[in-house]
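Me: I am new to this structure and would like to go through it in questions and answers. Please keep the replies plain.

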Amino acid sequence: MANYRLVSAAFLKPYSAVYTILLAIPLLEEDERPARVTSTSRFLNPYVVCFIVVAGVVILAVTIALLVYFLAFDQKSYFYRSSFQLLNVEYNSQLNSPATQEYRTLSGRIESLITKTFKESNLRNQFIRAHVVKLRQDGSGVRADVVMKFRFTRNNNGASMKSRIESVLQQMLNNSGNLEINPSTEITSLTDQAAANWLINECGAGPDLITLSEQRILGGTEAEEGSWPWQVSLRLNNAHHCGGSLINNMWILTAAHCFRSNSNPRDWIATSGISTTFPKLRMRVRNILIHNNYKSATHENDIALVRLENSVTFTKDIHSVCLPAATQNIPPGSTAYVTGWGAQEYAGHTVPELRQGQVRIISNDVCNAPYSYNGAILSGMLCAGVPQGGVDACQGDSGGPLVQEDSRRLWFIVGIVSWGDQCGLPDKPGVYTRVTAYLDWIRQQTGI
């Protein structure tokens with residue numbers, strides 16, 4: 001329409017103007033074409049609009065569904081601490097250490113009572129586990145400090161849950177059998193870190209105990225960080241030389257033969273963590289105490305203690321193993337674990353990452369058979385391995401721990417890597433210093 005209007009107007013003007021107007025016509029057409037394109041681009045393709053709307057609805061629906069699931073179904077772990085006074089149990093020195101059978105029995109009874117009570121309550125699906133972290137003297141009786149783990153959905157009211165737990169504990173006190181318990185059932189909510197702090201101060205707490213998980217998972221041969229938190233590397237002139245075990249925050253238990261070439265504490269450091277290349281902690285050594293009657297020819301009394309310059313602050317990845325009781329039963333055929341950075345074959349090189357091996361305890365009689373060590377195993381020694389060989393400690397593992405787990409999932413050091421005929425040969429198991437035979441010597445030196 002604009003073209004026609006311009007041409008009509010041209011006939012009202014002198015003829016000389018017509019040429020100018022005609023020349024202007026194509027220019028005006030070019031000028032107006034972009035305007036037409038711009039106006040049509042304002043309208044989106046209906047398929048694009050439909051896609052955007054549908055995508056928006058789907059995203060909103062997914063977001064709402066995730067939020068509902070997170071609030072209504074997703075569960076989180078919660079820890080609580082409580083203290084129970086046992087009125088009809090008299091405190092005695094046997095309850096000082098988790099290694100004694102009396103400590104284990106009483107703690108097990110309390111844990112079983114708590115577990116049974118919650119499994120028979122309306123919190124049976126929320127209760128995970130209870131663990132006695134300490135037995136202490138309370139007047140003439142005993143007080144048990146207990147940490148309990150539950151799993152609730154996130155939308156549960158904390159105060160309401162606390163009240164429900166206290167109510168169930170009250171039921172337990174009314175049905176405590178032959179344990180006379182003070183009816184105080186007040187509980188305290190703990191953060192994950194606070195619960196871990198309570199648990200790591202108990203010797204022998206593995207990663208499953210610190211999290212109060214339902215089961216321990218051990219697989220493969222390479223250890224994970226924190227799996228064996230008491231394991232240390234003893235380094236001579238900054239090179240890994242032997243293994244060792246933290247038995248408290250100042251002392252490391254290891255083998256005497258580690259120091260045959262050098263026992264100067266200034267030349268040694270200890271490190272923690274699964275890697276010898278990138279350790280989590282370095283510790284200076286103050287003293288090295290070697291058993292006075294160590295005999296290298298027979299490997300007798302192959303035990304030593306290393307005192308650290310400064311005490312170690314325990315974490316979930318670094319803390320002590322339990323010493324066994326003198327009467328602790330170590331039955332032949334029972335499972336044990338040996339850990340270290342030793343070579344994977346005889347005369348091989350040490351490895352930078354901590355490894356673990358599952359072995360079985362072998363009786364001294366079997367180990368002393370003519371086809372095995374032919375009488376070389378003394379009463380202060382302990383054998384562990386597998387009959388067909390292939391799983392064993394080796395060079396570089398010396399001084400490291402052989403540990404066993406008890407019924408309450410605490411770990412005890414029962415042996416110290418000492419000697420053997422090469423590594424992993426059939427009928428030639430690893431030979432360890434028997435820790436139960438040296439408890440008096442350890443206590444005399446350390447005061448533990």
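**Salt bridges and burial**

Reply: K428 is buried, at a relative accessible area of 19%, where buried means under 20%, exposed over 50% and partly exposed in between, using a 1.4 Å probe and protein chains only. This is a predicted model, in which local features need pLDDT of at least 70, side-chain atom pairs count only at pLDDT 80 or more, and totals for chains, interfaces and linings use all residues. Residues are numbered from 1 along each chain as its sequence is written, and side-chain values use heavy atoms, with hydrogens and water left out.

Me: Which residue meets K428 in a salt bridge?

Reply: A salt bridge here is a side-chain nitrogen of Lys or Arg within 4 Å of a carboxyl oxygen of Asp or Glu. The N to O distance for the pair with K428 is 4.0 Å. The partner is partly exposed, with a relative accessible area of 30%. That residue is D421.

Me: How many salt bridges does this rule count?

Reply: Side chains of opposite charge can pair when their charged atoms come close. Shared partners join K280, K316 and D317 into one network of salt bridges. By the rule, the count is 13.

Me: How many residues apart are E222 and R355?

Reply: E222 and R355 form a salt bridge with their closest N and O atoms 3.9 Å apart. E222 lies in the loop between helix 7 (207-210) and strand 5 (231-236), while R355 is in strand 12 (residues 355-362). Helices (H or I, at least four residues) and strands (E, at least two) are DSSP runs numbered from the N terminus. The separation of E222 and R355 along the chain is 133 residues.

Me: Is E222 buried, partly exposed or exposed, and what is its relative accessibility?

Reply: E222 falls in the class between buried and exposed, so it counts as partly exposed. Its partner R355 is also partly exposed, at 23%. For E222 the value is 48%.

Me: Which residue forms a salt bridge with R286?

Reply: R286 sits in strand 9 (residues 281-290), and its partner is in the loop between strand 10 (304-308) and strand 11 (335-340), 23 residues apart. R286 is partly exposed at 34%, and the partner is partly exposed at 30%. The N to O distance is 3.9 Å, and the partner is E309.

Me: What percentage of the residues of the protein count as buried?

Reply: The protein has nine helices and 16 strands. Its length is 448 residues. The buried part is 47%.
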